[in-house]
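Please read the points below with the coordinates open. They are set out as notes for a colleague at the bench.

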Amino acid sequence: MSGWIYFPHPDTKPTHFQTPDVLELLLPWTEGLGYGTRIRLDVPAEQMSFRSE
């Protein structure tokens, strides 16, 4: 399955607070996928990087 990763930048949503670690996934409907479901993202390194602190 492929889709888009969206980072809602806080400066563009001053009245809609989200923690800075939120990513939104724009995907086709996926049966069985819901809040708390663990998934794996395969993202090309030249497009995005992740780090844990």
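The numbered points that follow deal with the surface patch, the pockets, the salt bridge and two placed residues.

1. Status of the model. This is a predicted model. The points below should be read with that in mind.

2. Nonpolar patch. A surface patch of about 800 Å², nonpolar in character, is formed by Met1, Phe7, Leu23, Leu25, Leu27, Leu33, Ile39, Leu41 and Phe50.

3. Phenylalanine 50. This member of the nonpolar patch is placed in the segment after strand S2 (24–26). Is phenylalanine 50 buried or exposed? Its relative accessibility is 49%, so phenylalanine 50 counts as partly exposed; the exposed class begins over 50%. Between phenylalanine 50 and isoleucine 5 there are 12 Å from C-alpha to C-alpha, and the two are 45 residues apart in sequence.

4. Largest pocket. The largest pocket holds about 470 Å³ of space. Its lining has 13 residues, and Leu25, Leu27, Leu33, Gly34 and Tyr35 are the closest to the pocket centre. By type, the lining of the largest pocket comprises nine nonpolar residues, four polar and no charged. Leu25, Leu27 and Leu33 are also among the residues that make the nonpolar surface patch.

5. Second largest pocket. Here the space is about 370 Å³. The lining of the second largest pocket is made up of 15 residues; nearest its centre lie Gly3, Trp4, Ile5, Asp42 and Val43. Which types of residue make up this lining? In the second largest pocket they divide into ten nonpolar, three polar and two charged.

6. Salt bridge. How many salt bridges are there? The count is one salt bridge. It joins the side chains of arginine 40 and aspartate 42, with 2.9 Å from N to O. That distance of 2.9 Å falls within the 4 Å cut-off for a salt bridge. Side chains of opposite charge can pair when their charged atoms come close. Arginine 40 and aspartate 42 are both exposed. Asp42 also appears among the residues nearest the centre of the second largest pocket.

7. Proline 28. Like phenylalanine 50, proline 28 is located in the segment after S2. Proline 28 counts as partly exposed because its relative accessibility is 47%, and buried would require under 20%. The C-alpha atoms of proline 28 and methionine 1 are 8.0 Å apart, with the two positions 27 residues apart in chain numbering. Met1 is in turn one of the residues of the nonpolar patch.

Notes
Residues numbered from 1 in each chain as written. Predicted model: local features only at pLDDT ≥ 70, side-chain atom pairs only at ≥ 80, totals over all residues. Heavy atoms only, no water. Patch = residues over 30% accessible without salt bridge, like charges linked within 9 Å, V, L, I, M, F, W, Y side chains within 5 Å. Areas by Shrake-Rupley, 256 points an atom, 1.4 Å probe, with all protein chains shown as cover. Helix = DSSP H or I, 4+ residues; strand = E, 2+ residues; numbered from the N terminus. Buried < 20%, exposed > 50% of the residue type's maximum accessible area, 1.4 Å probe, protein only. 1 Å grid on protein atoms, 1.4 Å probe; cavity = no way out; pocket = protein on both sides within 12 Å on 5 of 7 lines; lining within 4 Å. Points joined across faces, edges and corners; volume = space filled by probe spheres on them. Nonpolar A, V, L, I, M, F, W, Y, C, P; charged D, E, K, R; others polar.
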